[in-house]
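Below are some notes on the fold and the main pocket, set out as numbered points. Please read them alongside the coordinates.

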Amino acid sequence: MTESPTIATVLEELGRLQRAFEAKIRYDSGRERVIETMSAELEKHRAGFQQALLRPVLLDLVSLHDDLTRAVEDGGAPAETTGGLAYVRDTVEQILARNDVHRFAVEGDSVDRTRQKVVSTLATPDPALGRQVALRLRAGFTWGEKVLRPEWVTAYRHVAADSVEEVEEGAPR
């Protein structure tokens, strides 16, 4: 006759099984965290790679938008040509929007160096005008939450009244 296991033996075996089960759960949980971390890193890498590939194309489209805007606003072309150019410019803007690129202009007259690029300055003796936007040259564009291309502006630069007169006297006539 076979001897039946005692309660103590059964309890001991259940304890071993419980510990083995808990160890397996900890192992699986740790493995799952590693897989999730690696998956997130891979997705981040893919997004960065995609942005690196798309960025030059989007900047070229922004440049094309600038050229078309300048051609439309010059007014030197016949009305039907200007209308066609405006249509193409709007189409380019729609292409940009489908890729989460949007045109912007900074509100207010103060220069915002995080969203604007000062490409030229105008001297002014008025200290209140210093670091204020004089002209908006090109629209800015955001890509998602980041600035793809800052708005290009001309800003006033405060100089002493004597310096402004010297600049005006030395300017070509």
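**Notes on the pocket, helices and strands**

1. The largest pocket has 16 lining residues, and those nearest its centre are T69, E73, L137, R138 and A139. The elements that each contribute two or more residues to this lining are α1 (7-74), α2 (79-98), β1 (101-104) and β3. The model is a predicted one, and the totals for linings use all residues.

2. The volume of the largest pocket is about 310 Å³. Its lining is made up of ten charged, four nonpolar and two polar residues. Which element supplies the largest share of the lining? That element is α1, with five residues.

3. Two of the elements that line the pocket, α1 and α2, also pack against each other, at an angle of about 155° and with 9 Å between their axes. Angles over 145 degrees count as roughly antiparallel, so α1 and α2 are roughly antiparallel to each other. Their crossing is left-handed.

4. β3, another of the elements in the pocket lining, belongs to an open sheet of three strands. What is the strand order in this sheet? The order is β2-β6-β3, and the pairing is mixed. β2 (116-124) and β3 (133-138) are the edge strands, each pairing on one side only. From one strand to the next, the twist averages 25°.

5. Within this sheet, β3 and β6 (residues 151-158) run antiparallel and are joined by four bridges. The residue that L135 stands opposite in β6 is T154. In a regular strand, side chains alternate between the two faces of the sheet. When going through the coordinates, the pair L135 and T154 can serve as a marker for how β3 and β6 are set against each other.

6. β4 (residues 140-143) and β5 (residues 146-149) also run antiparallel, here with three bridges between them. How many residues separate β4 from β5 in the hairpin that they form? There are two, and G144, which lies in the turn, has a positive phi of about 70°. Across the hairpin, F141 has R149 of β5 as its bridge partner.

7. To bring the points together: the largest pocket draws on both helices of the packed pair, α1 and α2, as well as on β1 and β3. Of these, β3 is an edge strand that is bridged to β6. Charged residues account for ten of the lining positions, and E73 and R138 are among the residues nearest the pocket centre.

Methods. Residues numbered from 1 in each chain as written. Predicted model: local features only at pLDDT ≥ 70, side-chain atom pairs only at ≥ 80, totals over all residues. Heavy atoms only, no water. Pairing = 2+ DSSP bridges. Axes fitted to C-alpha atoms, helices over the stretch in contact; angles between N-to-C directions. 1 Å grid on protein atoms, 1.4 Å probe; cavity = no way out; pocket = protein on both sides within 12 Å on 5 of 7 lines; lining within 4 Å. Points joined across faces, edges and corners; volume = space filled by probe spheres on them. Nonpolar A, V, L, I, M, F, W, Y, C, P; charged D, E, K, R; others polar. Parallel < 35°, antiparallel > 145°, perpendicular 65-115°, else oblique. Left-handed = near helix turned anticlockwise from the far one by under 90°.
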